[in-house]
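These are my notebook entries on one structure. I looked up how its parts are held against each other and where charged side chains pair.

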Amino acid sequence: MRRTLSESDSQALLATYGVRFAPEELVGDPDSAVVAAEGFGYPVAAKLCGENIAHKTERGLVRLSLRSAHEVRAAVGELLSAALPDDRATGVLVAPMIRGDRELIAGIATDPQFGPTVMLGVGGVMAEAVADVSVRLAPITQLDAAEMIEELRSQALIAAFRGEPPVDRDALIEVLLSLSDAATATEGATVVSADINPLIICGGVPVPVDALVEQQERR
Amino acid sequence: MSVARTHERYRALFEPRGVVVAGASTHPGKFGFVSLHNILACGYRGDVFATNRDGSTVLGVDCLRSLSELPEGVADLIFVCTPKSVNAELLRVAASKGFAPPSSPPPDTGEAGEQGRRDERELVALAEDLGILLVGPNGQGVVSTPASLCAQIVAPYPPAGSIGVASQSGNFVSSFLNWSCATGVGISRAVSAGNAVATSVPDFLDFYSQDPETSVALAYMEGIEDGRSVAATFSRVAAVKPLVVLKGGATAGGARAAAGHTGSLATDDRTFTGVCAQSGATRASTAEEAFEAAATFATQPLPAGNRVAVLTTAGGWGVVTADAIVRHRDLELATLPDDLRDAIDELLPPRWSRSNPIDLAGGETRDTVPEVLRLVAEHEEVDAVVHLGLGIQANQARMMREGGYYGVEGEDTNGIQRIVAYHERQDARFAEAAAELSMATGKPILTATELAMAFPGNAGPTAVRAAGRVCYQSADRAVTALVHLVRRARFLQRRAS
């Protein structure tokens with residue numbers, strides 16, 4: 001039986017394997033959202049969190065660049081009232097806005113013939129169209145991870161880019177190795193797929209912002 | 001089964017003490033005739049036997065009425081052309097005759113349907129019990145040049161060499177062997193796995209990795225069932241020898257159902273690319289790229305780095321080749337070192353390019369090409385050379401030979417014969433120099449000209465082939481082959497440290 005975890009559970013699971021996500025806080029009402037936002041500093045992002053929420057962007061369940069307590073309170077109120085029973089919403093995630101011109105995607109996929117794989121690609125809304133992706137069988141070594149980065153066609157995105165320094169390869173390798181650990185873990189339910197999307201390059205540092213994990217119980 | 005024992009069984013497939021064609025036919029259109037013909041015609045070194053029901057003589061071979069008439073211990077390979085129902089009995093008799101590991105590529109027993117599959121499973125189990133290696137069915141046979149063995153139902157028989165071919169499709173064995181005939185770069189073993197009921201492409205690749213006659217493995221694969229086992233085989237083989245893989249069905253696999261984007265981005269084709277990169281296998285995207293990569297591994301040294309120099313006798317070729325090198329990010333167009341430029345200045349009039357690509361611009365005299373080639377190949381800041389412009393003069397010589405003014409050989413009334421002989425000698429010399437320098441420096445030197453295809457008899461390409469190397473039909477193909485060399489060299493360097 002396959003199960004898709006909520007965003008916060010997805011992040012929590014991957015964090016146990018060493019993926020360091022951008023900070024965020026799960027809140028249940030607009031006032032706590034403001035407290036969280038003030039803690040991070042503005043601007044912040046807010047998004048509805050729940051196990052069954054897909055197509056968040058399309059449904060307007062992600063609000064970006066909220067710049068004041070007033071904006072946060074309004075947005076969080078709207079998100080909570082937009083939740084449908086099927087979403088199984090657990091609250092709203094408030095996070096500082098992570099900004100960067102470059103987005104990558106990293107993840108785990110289970111190939112029907114080759115089993116668990118680790119993937120790195122150019123992210124963003126055009127990820128599928130750009131299709132600049134490298135894949136390796138899990139587990140991967142540090143060298144495999146370095147070569148996955150090298151294999152991407154869009155090396156211009158990895159080098160210094162629009163005033164930002166080059167991507168911190170060691171940090172990116174750490175993300176891929178953590179995913180490899182998650183894909184090959186022998187405890188708990190098997191991670192059959194995982195997305196770290198987006199993986200925003202912020203000042204050269206890859207910052208995992210969001211995650212979605214799909215698990216299957218071991219038999 | 002132990003590795004040594006397995007290896008011995010496969011060795012007996014490729015170097016059998018003797019061969020039996022079971023079901024030999026008097027009809028030249030039947031597999032039972034063609035296979036016997038090919039075994040005899042290609043000069044197999046061991047004894048050849050045949051069986052058929054009426055004990056007739058086929059191609060001078062007196063057929064036994066049954067395998068049971070065969071003396072013990074004289075053959076290891078049975079090429080099975082008998083109707084399917086006889087096979088189980090055949091295997092039992094073979095085992096009783098002391099076939100070390102008799103092996104059988106039955107050409108046409110693959111039957112669809114439940115009954116066919118059940119029979120197949122029974123046959124595999126029986127072969128396993130008897131210690132018999134079963135190849136096929138629906139393969140086209142086995143080639144092994146160290147034994148002069150062409151146990152195949154199709155042509156060609158390739159020149160001897162060190163490329164080991166294993167294919168899931170018989171057609172691709174033929175293709176690779178035809179490429180071998182065209183380039184002169186030879187084959188050690190070739191086998192098509194057919195339906196692969198008992199032995200599959202990875203099994204043969206494992207054998208090739210241990211086979212002293214084979215220096216490069218070349219595989220064609222389609223459907224992959226046990227991916228992890230295939231990946232492990234690739235790793236084992238590529239750790240010791242170059243392994244070139246052409247995979248069919250590369251575009252078939254699409255998105256997989258998954259919650260996120262990774263599932264749709266990690267297509268099975270990209271996964272296979274990753275498997276090759278991770279294991280050190282060389283993935284080629286076309287049949288000619290696959291063969292030429294294998295042939296290049298078999299005949300050129302691995303470069304120490306990726307800095308490439310281009311040597312050409314005419315401008316345009318050099319420019320386009322430099323473009324191709326720059327486009328491949330695994331290669332680097334070498335910056336011409338000052339001392340090398342000064343040294344070449346001594347040999348050429350000032351109109352030469354004075355940069356890489358090194359364009360001699362028609363300034364060469366009798367010994368310039370080999371001399372410049374030596375300076376370039378020996379320079380420590382050059383890792384590989386692409387050599388262009390071979391055979392132009394010999395091509396003109398051909399036109400003079402055939403043009404009606406050549407005259408009777410030995411009566412050189414127009415002075416043509418002397419110049420024809422000179423040009424042909426020179427182009428052969430240039431090709432030989434390239435091969436010798438490559439061996440002396442341990443650096444790849446790849447010679448490319450479309451004359452290899454347009455006029456294969458040209459003295460230049462002929463001498464490249466005589467030196468045992470590929471004369472690439474275009475600079476682009478030479479550059480692609482070089483990319484594969486550079487990638488493998490890098491793979492080994494990184495994993496060694």
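Entry 1. How many salt bridges does the rule find across the interface of domain 2 of chain B and domain 3 of chain B? I note first that the model is predicted. The rule finds one salt bridge across that interface. I identified the partners as Arg477(B) and Glu292(B), with N to O at 2.6 Å.

Entry 2. I looked up the domain bounds: chain B is divided into domain 1 (1–135), domain 2 (158–299) and domain 3 (302–496). The C-alpha centres of domain 2 of chain B and domain 3 of chain B are 30 Å apart. I found 24 residues of domain 2 of chain B in contact with 16 residues of domain 3 of chain B. The area buried between these two domains is about 1,500 Å², and carbon and sulfur atoms give 58% of that area.

Entry 3. I then turned to polar contacts, and the count between domain 2 of chain B and domain 3 of chain B is five residue pairs. On the domain 2 side, α5 (170–183), α7 (227–240), α9 (268–279), β14 (282–284) and α10 (287–299) of chain B each supply at least two of the touching residues. The largest share, eight residues, comes from α10(B). I sorted this side by residue class and obtained eleven nonpolar, eight polar and five charged residues.

Entry 4. I extended the search to all chains, where the count comes to 30 salt bridges. In chain A, I recorded Glu151(A) with Arg136(A), the closest N and O atoms being 2.7 Å apart. Glu151(A) lies in helix α5 (residues 142–151) of chain A and Arg136(A) in strand β8 (residues 133–137) of chain A, 15 residues apart. Arg136(A) is buried at a relative accessible area of 1%, whereas Glu151(A) is partly exposed at 24%.

Entry 5. Which residues pair with Arg189(B) in salt bridges? I found Glu15(B) at 2.9 Å, N to O. Arg189(B) is in strand β11 (residues 187–192) of chain B and Glu15(B) in the loop between α1 (3–14) and β1 (18–22) of chain B, so this pair ties together parts 174 residues apart in sequence. I also found Asp211(B), its closest N and O atoms with Arg189(B) being 2.8 Å apart. Asp211(B) sits in the loop between α6 (201–210) and β12 (216–221) of chain B, 22 residues from Arg189(B). Because the cut-off for buried is under 20% relative accessible area, Arg189(B) at 1% counts as buried, as does Asp211(B) at 2%. Glu15(B), at 26%, counts as partly exposed.

Entry 6. Finally, I recorded a network of salt bridges that links Asp144(A), Glu147(A), Glu150(A), Arg494(B) and Arg495(B).

Technical notes
Residues are numbered from 1 along each chain as its sequence is written. Chains are lettered from A and ligands numbered from 1 in the order in which they are written. This is a predicted model: local features need pLDDT of at least 70, side-chain atom pairs count only at pLDDT 80 or more; totals for chains, interfaces and linings use all residues. Side-chain values use heavy atoms; hydrogens and water are left out. Domain bounds come from an automatic or database domain assignment. Contact means heavy atoms within 4.5 Å. Buried area is the accessible area (1.4 Å probe) that two parts lose on being put together, summed over both. A salt bridge is a side-chain nitrogen of Lys or Arg within 4 Å of a carboxyl oxygen of Asp or Glu. A polar contact is a pair of N or O atoms within 3.5 Å; within protein, one must be able to donate a hydrogen and the other to accept it, and residues adjacent in sequence count only if both atoms are side-chain atoms. Helices (H or I, at least four residues) and strands (E, at least two) are DSSP runs, numbered from the N terminus. Ala, Val, Leu, Ile, Met, Phe, Trp, Tyr, Cys and Pro count as nonpolar, Asp, Glu, Lys and Arg as charged, and the others, Gly among them, as polar. Buried means under 20% relative accessible area, exposed over 50%, partly exposed in between (1.4 Å probe, protein chains only).
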